[in-house]
Amino acid sequence: MPTVRPARPEELPAAAMVYLRSVEDRERRIGRSPGGDFGAADPDREAWRATEYEGALRDLSILHGDDPEAVWVAVAETDGRVVGMAADAVRERQWLLYFLFVDPEHQGRGIGGALLERTHARGVAAGCDVFSLTSSRDPAALTRYLALGLLPQPPTIVFGVPGDRAAFPPARWDDGLEAIPLHPGDEVALATLGDLDKAVRGVRRPRDLARWLAEGATGALLSKRETGTPAGYFLVAERSGWEPDVGRIGPVLALDEERVPDVLGRALAAAGTMARPGLAWELLVPGENRRAVPVALAVGFRPGRLQAYFSSAPIGRFDRYVPHDGDLF
Ligand SMILES: CC(C)(COP(=O)(O)OP(=O)(O)OC[C@H]1O[C@@H](n2cnc3c(N)ncnc32)[C@H](O)[C@@H]1OP(=O)(O)O)[C@@H](O)C(=O)NCCC(=O)NCCS
């Protein structure tokens, strides 16, 4: 049995390579997600591999930089090769599984289970009482998550729209909202976002918000025009290094469920100012968020697939929330 231990920084490229090999093997075994997210033709294979590897390495580096014990590796005793990896993100009382991948030649021998046990124990030791993740369609992954006591929740709808079909209307003047643009380093606004996150997303996560803004996301804190009290916030961003270029809408958070269409409308209007024909857009809508669905459909978004979401308990109020992504939510 390989040794399971926290990853050393120099092992992150090998861990990213395990991710890539494992994903490619999984695609051969159980196929790609039907339809893809944007209905795009099969992407150039080498460009896709490079993007996936670099994306995994970047994410692993961020997680490891935040917390050196967030990334775990399984290392073969014979030659020290990395044959499996897992990574999590602990956000206050929430444990979020970010990666769980075993090299195809080493699968089915308990390595994935051992990695998952160690990362989960880390969450327990940190005092977490909510354990959440987005699962692949691999039956081995489903087995491991069910064995851990997590249960499937309403799936996430992965919406996409090609740039030339996106019709994002401008902000409505009569939506009763006042927008305060967000800037990195605006501690007062970020503290209010933290309060909103706590109420709806379940935890504060100031470092994630600061990083997304520093990476170039555009967003606003929205307040009710009549009372000046907070109503929600949104971020929209163009993801760099993706082929084709993709814009991401989220997080989008409304304190009251009835405000979801207005707050999402503000996010879409902001996206509309960034729109260009070559830029496709992605929007993840939790199955509970019934009010976001008609808004998404009306502006041209179409569901590419449903993403399996597992949790030990509700992570937050997903009826009024659009996540940033399927890993940190
Ligand atoms: C998911 C993954 C990490 C598991 O790692 P692993 O080392 O193969 O896992 P383990 O050997 O510890 O456990 C696999 C379990 O799945 C079960 N399993 C394997 N194939 C299965 C199948 N076709 N149907 C149902 N269960 C299956 C095994 O019986 C085993 O359960 P058991 O120990 O209770 O018998 C690995 O298979 C992998 O990398 N998959 C591709 C990448 C992926 O999708 N990762 C998950 C991302 S969310």
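Let's start with P251, which sits in strand β10, a stretch covering residues 246-254. The bond leading into P251 deserves a look in the viewer: G250 and P251 are joined by a cis peptide bond, with omega at about 0 degrees. Keep in mind as you click around that this is a predicted model.

**Two residues with a positive phi**

Which residue in the loop between β3 and β4 has a positive phi although it is not a glycine? That's E92, with a phi of about 50 degrees. You'll find E92 in the loop that links β3 and β4. E92 counts as partly exposed, because its relative accessibility is 37%.

F329 also has a positive phi without being a glycine, this time of about 60 degrees. Look for F329 in the segment after β13, the strand at 321-322. Is F329 buried or exposed? It's buried, because its relative accessible area is 3% and the cut-off for buried is under 20%.

**Around the ligand**

Now move over to the ligand. There are 23 residues around it, and R26, G112, G113, S136 and R144 come nearest. Sorted by type, the shell holds eight nonpolar residues, 10 polar ones and five charged ones.

Some polar backbone atoms of the protein pair up with atoms of the ligand. Here are three of these pairs:

| Residue (backbone atom) | Ligand atom | Distance |
|---|---|---|
| L100, polar | nitrogen | 2.9 Å |
| V102, polar | oxygen | 2.9 Å |
| G113, polar | oxygen | 2.8 Å |

How much of the ligand does the protein bury? On its own the ligand exposes 960 Å², and the protein buries 69% of that.

Which elements give two or more residues to this shell? They are α1 (12-30), β4 (94-102), α3 (111-125), β5 (130-135) and α4 (139-147). The largest share comes from α4, which supplies six residues.

**The nonpolar core**

Next up is the largest nonpolar core, a set of 45 residues. Try picking out L60, L63, M85 and F99, since these are the members that touch the most other members. Several elements each supply at least two residues of this core: the helices α1, α2 (45-66), α5 (187-201) and α6 (206-214), plus the strands β2 (71-75), β3 (82-91), β4 and β9 (230-239). Which element gives the largest share? That's α1, with seven residues.

So you meet α1 in two places: it gives at least two residues to the shell around the ligand, and it also gives the core its largest share. Strand β4 turns up in both lists too, once for the shell and once for the core.

**Two domains**

Zooming out, the domain assignment splits the protein chain into domain 1 (3-149) and domain 2 (159-307 + 318-322). Notice that domain 2 is written as two pieces of chain. The C-alpha centres of the two domains lie 27 Å apart. The core you just looked at draws at least three residues from each of these domains.

**One last residue**

Finally, find G65 in helix α2. Is G65 buried or exposed? It counts as exposed, because its relative accessibility is 55% and exposed means over 50%. To get a feel for distances across the model, draw a line from G65 to A298: their C-alpha atoms are separated by 40 Å. Along the chain, G65 and A298 are 233 residues apart.

Notes:
Residues numbered from 1 in each chain as written. Predicted model: local features only at pLDDT ≥ 70, side-chain atom pairs only at ≥ 80, totals over all residues. Heavy atoms only, no water. Near = heavy atom within 4 Å. Polar contact = N/O pair within 3.5 Å; in protein donor to acceptor, adjacent residues only side chain to side chain. Areas by Shrake-Rupley, 256 points an atom, 1.4 Å probe, with all protein chains shown as cover. Helix = DSSP H or I, 4+ residues; strand = E, 2+ residues; numbered from the N terminus. Nonpolar A, V, L, I, M, F, W, Y, C, P; charged D, E, K, R; others polar. Domains from an automatic or database assignment. Core = buried A, V, L, I, M, F, W, Y, C linked by side-chain atoms within 4.5 Å. Buried < 20%, exposed > 50% of the residue type's maximum accessible area, 1.4 Å probe, protein only.
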